[in-house]
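Please open the model in your viewer and keep the sequence panel visible beside it. The tour proceeds by selections, each followed by a short account of what is found there.

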Amino acid sequence: MSETNPERRLERPKCPKCGSAKALPICYGFPGLEMLEDAMEGKIILGGCVIRGGEPTWRCDECGHEWEELRIDLSILQKKPGDD
Ligand SMILES: [Zn+2]
């Protein structure tokens, strides 16, 4: 078992609704064998092949809430003045 897939290293956001850390990434596009296996094991959610924009990127495994978490990367990039 190797865990070299960079997607596995993604920091999981907490559910904005219930605060659970059991968020599952929603993967879009045609699923490959690995994605199908991950989905069957409950590691990811398959979002489908069609991307219309504005799709949620995470689904809470506790309450089923889905949300888009794009700000997680931006917040790391945005450095507040005086943080040093
Ligand atoms: Zn939740």
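Begin by selecting Cys 27, which stands opposite Leu 46 in strand 2. Please bear in mind throughout that this is a predicted model.

**The neighbours of strand 1**

Extend the selection to strand 1, which covers residues 23-28. In which sense do strand 1 and strand 2 pair, parallel or antiparallel? Their pairing is parallel and extends over 3 bridges. Add Ile 26 to the view: its bridge partner in strand 2 is Ile 45.

Now turn to strand 3, residues 58-60. Strand 1 pairs with strand 3 in the antiparallel sense, over 3 bridges. Select Pro 25 to see an example, for Trp 58 in strand 3 stands opposite this residue. In general, the strands of a sheet are paired through backbone hydrogen bonds, in either a parallel or an antiparallel manner.

**The whole sheet**

Select every strand together. The 4 strands form an open sheet with mixed pairing, and their order is 2-1-3-4. Which strands lie at the edges? They are strand 2 (45-48) and strand 4 (66-67), each of which pairs on one side only.

**The crossover**

Next, select helix 1, residues 33-40. The chain leaves strand 1, passes through helix 1 and arrives at strand 2. This β-α-β crossover is right-handed.

**Lys 22**

Move to Lys 22, located in the segment before strand 1. Is Lys 22 buried, exposed or partly exposed? Lys 22 counts as partly exposed because 14 C-beta neighbours lie inside 10 Å, whereas a buried residue would need 20 or more and an exposed one would have 12 or fewer. Show Glu 62 as well: Lys 22 and Glu 62 are 40 residues apart in sequence, yet their C-alpha atoms are 6.7 Å apart in space. When neighbours within four places in sequence are left aside, Lys 22 is in contact with Cys 60, Asp 61 and Glu 62.

**Glu 55**

Proceed to Glu 55, in the loop between strand 2 and strand 3. Glu 55 is partly exposed, because 13 other C-beta atoms lie within 10 Å. Which residues does Glu 55 touch, not counting those up to four places away in sequence? They are Tyr 28 and Gly 47. Select Trp 67 too; Glu 55 and Trp 67 are 12 residues apart in sequence and 7.9 Å apart in space, from C-alpha to C-alpha.

**The complete chain**

Finally, display the entire protein, which has 2 helices and 4 strands. Along the sequence, the pattern reads β-α-β-β-β-α. Of its 84 residues, 10% count as buried. Among contacts between residues at least 6 apart in sequence, 43% join residues at least 24 apart.

Technical notes
Residues numbered from 1 in each chain as written. Predicted model: local features only at pLDDT ≥ 70, side-chain atom pairs only at ≥ 80, totals over all residues. Pairing = 2+ DSSP bridges. Contact = placed C-beta atoms within 7 Å. Right-handed = clockwise from strand over helix to strand, strands pointing away.
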